[in-house]
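Student: I would like a close look at a single part of this protein. Please take one strand and describe what surrounds it.

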Amino acid sequence: MKYQSVKGFRDILGVSAETFSFVEKTARAIFRKYNFDEIRIPTVELSDLFLRTIGETTDIVEKEMYVFEDKGKRKIALRPEGTAGVVRAYIENNLSQKYPSQKFFYIGQMFRQERPQSGRFREFSQIGCEYFGNLSVYADIEIILLAKDILESSGIKDVKIEINNLGCEKCRPLLQKNISEIITKLNFDNLCDDCKRRFSKNPFRVLDCKIDGEKFKGFTPKLCNECSSEFEELKNGLKNANLNFTVSNKLVRGLDYYTKTVFEITSDVLGSQSAVCAGGRYDNLVKDLGGATTAAVGFAIGVDRLVEILEKTVRSPKSEAKSPFVFVCATENDDCKKMAFHILSEIRNSGIIADGGYFEKSLKSQMRLADALGTKYAVIIGDEEIKNKKIILRDMKVQQQKEIGLDGAIEEIKKCFNRNS
Ligand SMILES: [Zn+2]
Ligand SMILES: [Zn+2]
């Protein structure tokens, strides 16, 4: 029987894997710059947590969550996103008391049982952050800047930022009334089944609907005085931070927990429906889950999409190929193998990328492998070399070799390495 990866899941190999690591490393450095602390949360949570936070009528919860029962008959879900778990951890661990600054970031795998389509996988990676306890729009501005900083430092150019304001509890009833009026005018029967079902839970979802969204093209939501002045402050702050953005009334995000600011960052490289980052404010979520009233704002970057964009634009596979600097070969004699393996370790200990130890192969095929790997230098150890306490150092490019005394061998290799780097 031949095994294959599960439908919708994939192996990430070679340059792609390196690009994932590069993006993660870049993100960590930038989060540090903005003074965010890392948080690692479990891959599973009680499925109820996601029902309460993301919303029962969202696509994610209705159709896409991996839910199963564990042996204790608990209903468990593979996390479809990171925010719910971080908020749960924030309350459970009393982080508001433990940390003077409450800015957290996470990097990890998420799971959604979406219909497989190109560029979408059922296991995907997100880099996200949650910033608790700051009501000021400057927290919103900071995290939009931060998201853009991560994307640009990873190598993406020309990102587009869209923002919107979904209002607070005060403006929400008004917004709902406005949307209802339009829907009544439109004739409710004309809406798709999803919208009919979702409307009473969260009318904003209708604006977000792929089928019905277009019908609300000219609709501008009215906000309460506080929200509209905050929205002005946000727009001015973004301008002062030299961030270009557009306001999109259609941007409502697919999750129920957002309030006030929402935003998406897109890149044209993957076509129009290509948000690579999305986020916003969710000032009620901590309280809804049993914590104290706590302002919060955050975002998540889709790493798979980010990597796809980078592979289509900047990071070409060839330029990223890495070769060992030294390759260590030995002839069949046991003493040669021992000595060669010792030297290989010494080279690595001095911080130089090295390969070797393929001692079951003939010397000829070891050299062939060194060549195929693009190695700069080969170290060869045979019976003669052991007897004379020497090694052979071969420059693979010019195909010349010399003997060096065993004592000075590592120093000599280091010198070659420093000349080359
Ligand atoms: Zn409001
Ligand atoms: Zn619809």
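Tutor: What follows is a description of strand β14 and its surroundings, in a model that is predicted.

Start with the chain as a whole. The domain assignment gives domain 1 (14-171 + 223-313) and domain 2 (323-416), and the C-alpha centres of these two domains lie 49 Å apart. Strand β14 covers residues 377-381, and the rest of this answer stays with its sheet and the helices that lie across that sheet.

The sheet is open and has five strands, in the order β13-β12-β14-β15-β16, with mixed pairing. The edge positions belong to β13 (354-356) and β16 (400-405); each has a single partner strand, so one side of each has no neighbour in the sheet. From one strand to the next, the twist averages 25 degrees.

In that order β14 sits between β12 and β15. With β12 (residues 326-330), β14 pairs in the parallel sense, over five bridges. Two positions can be used to follow this pairing in the viewer: valine 328 has valine 379 of β14 as its bridge partner, and cysteine 329 stands opposite isoleucine 380. With β15, the pairing of β14 is antiparallel and runs over four bridges. Here alanine 378 can serve as a marker, with arginine 394 in β15 as its bridge partner.

Next come the faces of the strand. In a regular strand, side chains alternate between the two faces of the sheet. For β14, Tyr377, Val379 and Ile381 are on one side, while Ala378 and Ile380 are on the other. Both faces are covered, and the residues named on each are all buried. Put as a count, five of the five residues of β14 are buried. Buried here means that 20 or more other C-beta atoms lie within 10 Å of the residue's own C-beta.

Two helices lie across β14 and other strands of the sheet. Helix α14 (residues 334-349) lies across β12, β13, β14 and β15 (390-395), and runs at about 170 degrees to β12. Helix α17 (residues 409-420) lies across β12, β14, β15 and β16, at about 140 degrees to β16. Thus β14 is among the strands crossed by α14, and also among those crossed by α17.

To sum up, β14 has a parallel partner in β12 and an antiparallel partner in β15, and both of its faces are covered.

Methods: Residues numbered from 1 in each chain as written. Chains lettered and ligands numbered in written order. Predicted model: local features only at pLDDT ≥ 70, side-chain atom pairs only at ≥ 80, totals over all residues. Domains from an automatic or database assignment. Pairing = 2+ DSSP bridges. Axes fitted to C-alpha atoms, helices over the stretch in contact; angles between N-to-C directions. Contact = placed C-beta atoms within 7 Å. Buried ≥ 20, exposed ≤ 12 C-beta atoms within 10 Å, placed from the backbone.
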